[in-house]
Amino acid sequence: HALPRARLPPSPPPPPATMAEMTETAVGIPPELAFEQDLEEGESMRGVTGKEPVQGVFSDAATKIDEEASKKFGIKVDSEHRATQLLVWKFWQHPHTVSFWVSTLGFFVSFLSTFAAAPLLPVIRDNLNLTKSDLVNSGIAAVTGTIGARVIMGSVCDLVGPRYGMSILLMMTAPFVYGMAGVTNAAGFIACRCFIGLSL
């Protein structure tokens, strides 16, 4: 038989670290900059009082109009040539209003093509002899396609930009919208709904 081990008394816990020590250790910021312990009640770090004027995206203080570029584009733009006004009736105004209308129409087409099958399901069900399970799976396929495309489109937009990304996506899904008319069975219907869902 082995002799029982002698139990040592537990060691005392380390003293709690102050906020300044934790910040300096974790981030490497000097404690006098990271945490100021000598503030009065209601006083803020770094001189922020909460009474400063708010400059939002649409406030005049936040937007400086570039007059020279505004004359060139025919619409008010800021220093980065972003439109600060929207004139929807000027269809010919490049690139701001044209981009607005093309993206609006692109979204409308993708939305319409994704959800066009839903109101026609009673007719499609009878023509293709679909079961309740097939109808449920087609709805799941459409939503799955949409979720998958949204995950992938972030990288696509980073790689080629939003204009080319949306154009590529709409061109890829157009054959499935057209092909929906020629579907003859449940598998084709579910596949078309999945790939059409990519456009949304």
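## The packing of helices α7 and α8

In this predicted model, helix α7 (residues 162–179) and helix α8 (residues 186–197) have axes that come within 8 Å and cross at roughly 145°. Two packed helices are described by the angle between their axes and the distance between the axes. The crossing of α7 with α8 is left-handed.

The contact can also be described residue by residue. On the α7 side, Thr173, Phe176, Val177 and Gly179 take part, and they meet Cys192, Phe195 and Ile196 of α8. Sorted by character, the residues of this contact comprise five nonpolar, two polar and no charged.

## The overall architecture

The protein contains eight helices and zero strands. Read from the N terminus, its elements follow the order α-α-α-α-α-α-α-α.

Of the 200 residues in the protein, 22% are buried. A further figure concerns contacts between residues at least 6 apart in sequence: 39% of these join residues at least 24 apart.

## Two serines in helix α4

Helix α4 spans residues 96–115 and includes Ser103. Is Ser110 in helix α4 buried or exposed? Ser110 has a relative accessible area of 2%, so it is classed as buried, the limit being under 20%. Ser103 has a relative accessible area of 34% and is therefore partly exposed, since this value lies between the limits of 20% and 50%.

The surroundings of each serine can be stated in turn. Ser110, which also lies in helix α4, touches Leu170, Ser199 and Leu200, when residues up to four places away in sequence are not counted. The side chain of Ser103 has a polar atom 2.9 Å from the backbone oxygen of Ser99. Ser103 is also 8.3 Å from Met166 in space, C-alpha to C-alpha, although the two are 63 residues apart in sequence.

## Salt bridges

Side chains of opposite charge can pair when their charged atoms come close. How many salt bridges does the count give? The count comes to three.

One of them joins Arg125 and Asp126, whose side chains meet at 3.7 Å, N to O. Asp126 is exposed, with a relative accessible area of 53%, whereas Arg125 is partly exposed, at 35%. Elsewhere, salt bridges that share partners link Asp78, Glu80 and Arg82 into one network.

Within that network, Arg82 meets Asp78 in a salt bridge of 3.0 Å, N to O. Arg82 also forms a salt bridge with Glu80, where the closest N and O atoms are 3.6 Å apart. The two acidic partners can be set side by side by their accessibility. Asp78 is buried because its relative accessible area is 9%, which is under 20%. Glu80 counts as exposed because its relative accessibility is 57%, which is over 50%.

## Loop residues with positive phi

Which backbone feature does His81 show? His81 has a positive phi of about 65°, although it is not a glycine. This residue belongs to the loop between α3 (67–73) and α4. With a relative accessible area of 34%, His81 is partly exposed.

Asn129 likewise is not a glycine, yet it has a positive phi, of about 55°. Where is Asn129 found? Asn129 is in the loop between α5 (121–128) and α6 (132–160). Asn129 is exposed, with a relative accessible area of 65%.

## An exposed alanine in helix α8

The final residue returns the account to helix α8, where Ala187 is found. Ala187 counts as exposed because its relative accessibility is 57%, which is over 50%. In sequence, Ala187 and Ser138 are 49 residues apart, while in space they are 9.0 Å apart, C-alpha to C-alpha.

Key. Residues are numbered from 1 along each chain as its sequence is written. This is a predicted model: local features need pLDDT of at least 70, side-chain atom pairs count only at pLDDT 80 or more; totals for chains, interfaces and linings use all residues. Side-chain values use heavy atoms; hydrogens and water are left out. A salt bridge is a side-chain nitrogen of Lys or Arg within 4 Å of a carboxyl oxygen of Asp or Glu. Buried means under 20% relative accessible area, exposed over 50%, partly exposed in between (1.4 Å probe, protein chains only). Axes are lines fitted to C-alpha atoms, for helices over the stretch in contact, and angles run from 0 to 180 degrees between N-to-C directions. Helices (H or I, at least four residues) and strands (E, at least two) are DSSP runs, numbered from the N terminus. A crossing is left-handed if the near helix is turned anticlockwise from the far one by less than a right angle, and right-handed if clockwise. Contact means heavy atoms within 4.5 Å. Ala, Val, Leu, Ile, Met, Phe, Trp, Tyr, Cys and Pro count as nonpolar, Asp, Glu, Lys and Arg as charged, and the others, Gly among them, as polar. A polar contact is a pair of N or O atoms within 3.5 Å; within protein, one must be able to donate a hydrogen and the other to accept it, and residues adjacent in sequence count only if both atoms are side-chain atoms.
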